[in-house]
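Welcome! Have a look at the sequence and the model below, then work through the exercises at your own pace.

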Amino acid sequence: MTSTSTPPGLARFNALEEHAAFTALHEACASTAWAKRLLAARPYATPEALYAASDAAMADLTAQDLAEAMAGHPPIGRPKPGDPTSAREQRGMAGASDALKAEMLELNLAYQEKFGHVFLICATGRTGEQMRDAIRERIGNTPQREREIVRTELGKINRIRLARLVEED
């Protein structure tokens, strides 16, 4: 007999009342369309099924949905006060020199002026220098190219956040 029991964190997520599940998803990604799509597909048998649903929902986001998702992310180097998630994800900037922090602020502003939204990168595990190098490289992109990179980075962030959601005890 093969046991394919749902992991406890995922079972807990599957059992959440709809509003609570929506809130948890919306905290992972600020796109209402993404959260509603994942909510509608519950229950998930495995974390991989949840991640696949997330990837599919991310691929289908409209430009407006993507903008809504990006609006939920603070600029690199300036995590939301009192938000442990953004502070944890941006840990690579925590020990950055004042010069690097000032350069990131300048680059963030130039990026936002060019593209109309914050510089979005999956910052987990990256150093401040790696994030600076990425923004320097990406600021030369066309808006269309950058939007697809942002979609990919947002998908990575969502997977990390979903993993934390369903793996917590």
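**Exercise 1. Find the partner of D133 and describe how exposed each of the two residues is.**

Step 1: D133 pairs with R132 in a salt bridge, and their closest N and O atoms are 3.1 Å apart. A salt bridge here is a side-chain nitrogen of Lys or Arg within 4 Å of a carboxyl oxygen of Asp or Glu.

Step 2: R132 has a relative accessible area of 16% and is buried, while D133, at 38%, is partly exposed. The cut-offs are under 20% relative accessible area for buried, over 50% for exposed and in between for partly exposed, with a 1.4 Å probe and protein chains only.

Step 3: The pair belongs to a network of salt bridges that links E103, R132, D133 and R136. A search of the whole structure gives ten salt bridges.

Before going on, please note that this is a predicted model, in which local features need pLDDT of at least 70 and side-chain atom pairs count only at pLDDT 80 or more, while totals for chains, interfaces and linings use all residues. Residues are numbered from 1 along each chain as its sequence is written, and side-chain values use heavy atoms, leaving out hydrogens and water.

**Exercise 2. Sketch the overall build of the chain.**

Step 1: Count the elements: there are ten helices and zero strands. Both are DSSP runs numbered from the N terminus, helices being H or I with at least four residues and strands E with at least two.

Step 2: Compare sizes. The chain has a radius of gyration of 17 Å, close to the 15 Å of the globule rule for 169 residues, so it is as compact as a globular protein of that length. The radius is taken over C-alpha atoms, and the rule is 2.2 Å times the number of residues to the power 0.38.

Step 3: Add the dimensions: the C-alpha trace spans about 60 × 35 × 30 Å along its principal axes. Of the 169 residues, 43% count as buried.

**Exercise 3. Work out which salt bridges E148 and E153 form.**

Step 1: E148 meets R151 at 3.4 Å, N to O. These two residues are three apart in helix α10 (residues 143-167), which means a separation of about one helical turn.

Step 2: E148 is partly exposed at 39% relative accessibility, and R151 is buried at 13%.

Step 3: E153 meets K156 at 3.0 Å, N to O. This pair also lies in helix α10, three residues apart, about one turn of the helix.

Step 4: E153 is buried at 7% relative accessibility, whereas K156 is partly exposed at 37%.

**Exercise 4. Describe the surroundings of D65.**

Step 1: Locate D65 in helix α5 (residues 63-71).

Step 2: D65 is buried yet has no salt bridge, and R151, the nearest side chain of opposite charge, is 7.5 Å away. For charge, Lys and Arg count as positive and Asp and Glu as negative, with His and the chain ends not counted.

Step 3: Leaving aside residues up to four places away in sequence, D65 touches S31 and A33. Contact means heavy atoms within 4.5 Å.

**Exercise 5. Is the peptide bond from R42 to P43 cis or trans?**

Step 1: The bond is cis, with omega near 0°. Most peptide bonds are trans.

Step 2: P43 sits in the loop between α3 (32-40) and α4 (47-59).
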